[in-house]
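Visitor: I should like a close look at the disulfides of this model. Please describe where the joined cysteines lie and how they are placed with respect to the surface.

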Amino acid sequence: MSGGSCPDPGDPEVHYVSRDPAECALIDFDCSPPQTLFSSECGCGCIGPEAPACPNPGETGVQYVSHDPRECELLDFACSPPERQFANECGCGCIGPETPACPDPRDPDVRYVSRDIEECFLIDFICAEGQTQFVNECGCGCIGPEKRVCPDPGDPGVHYVSDDPGRCAVMFFGCGEGQTLFTNECGCGCLDPDLPLGHAR
């Protein structure tokens, strides 16, 4: 490039390593394809579009099938949705969706069943009406306001002391052996042993 005009440092495809020709003679550098090296009285550096950023194999969701672009041309592989394929100068493989933000366990509308993703794949659970199920890297559980089901006062296993939550807040009562005490927006009372708290039989 000697004798020609200097590469324009304002050009986004021009990357100077040094503007000092004497320093350029002492340093050793290389350019990543498809960039080409230049060295002249202007200095030295690389010209051309920068190589694409390689997917980081350390990131969650990035799986390389091969790091060799030539081998990638011969390989036939598929990615499981929602993963997508990639193939470039870095190699080829699959990239999964970005890690979602974990539901906040302090949120009263978030209920974790497990924080262990492997355990989540082994357990079977359902969410209450009005809630939606979630399973991700954070664990699994239910999100949404749970629809309250009042214990059925007509059920022989349900024993209301009062259906007034305000009165329930200031009264003291006990339940029989094996029974469970309940107090909520429905009122308060006792449930027989086989009846889950807050649900009709």
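**Disulfides and their surroundings**

Guide: The model is predicted, and the account that follows rests on it. We may begin with the first cysteine of one pair: Cys54 has a relative accessibility of 47% and therefore counts as partly exposed. Its partner is Cys90, and the two are joined by a disulfide with an S to S distance of 2.0 Å. The torsion about the S-S bond is -85°, which gives the link of Cys54 and Cys90 a left-handed form. Cys54 is found in the loop between β3 (43–47) and β4 (62–66), while Cys90 is found in the loop between β5 (84–88) and β6 (91–95), so this disulfide ties together parts that are 36 residues apart in sequence. Cys90 has a relative accessibility of 8% and is classed as buried, because the limit for that class is under 20% relative accessible area. The link of Cys54 and Cys90 thus has a partly exposed end at Cys54 and a buried end at Cys90.

This pair belongs to a wider set, since a search of the whole structure finds 12 disulfides. Two others may be set beside it.

One of them joins Cys127 to Cys142, with 2.0 Å from S to S. A value of -90° about the S-S bond makes the link of Cys127 and Cys142 left-handed. This pair links distant parts of the chain, 15 residues apart: Cys127 lies in the loop between α3 (117–120) and β8 (132–136), and Cys142 lies in strand β9 (residues 139–143). With a relative accessible area of 21%, Cys127 is partly exposed. Cys142, by contrast, is buried, and its relative accessible area is 0%.

The other joins Cys168 to Cys188, again with an S to S distance of 2.0 Å. The torsion about the S-S bond of Cys168 and Cys188 is about -85°, so this disulfide is left-handed. Here the cysteines lie in a helix and a strand: Cys168 belongs to helix α4 (residues 165–168) and Cys188 to strand β12 (residues 187–191), so the link ties together parts that are 20 residues apart in sequence. Cys168 has a relative accessible area of 7% and is buried. Cys188 is likewise buried, at 0% relative accessibility.

In summary, the link of Cys127 and Cys142 has a partly exposed end at Cys127 and a buried end at Cys142, whereas in the link of Cys168 and Cys188 the cysteine Cys168 is buried and Cys188 is buried.

How values were computed:
Residues numbered from 1 in each chain as written. Predicted model: local features only at pLDDT ≥ 70, side-chain atom pairs only at ≥ 80, totals over all residues. Heavy atoms only, no water. Disulfide = S-S within 2.5 Å. Helix = DSSP H or I, 4+ residues; strand = E, 2+ residues; numbered from the N terminus. Buried < 20%, exposed > 50% of the residue type's maximum accessible area, 1.4 Å probe, protein only.
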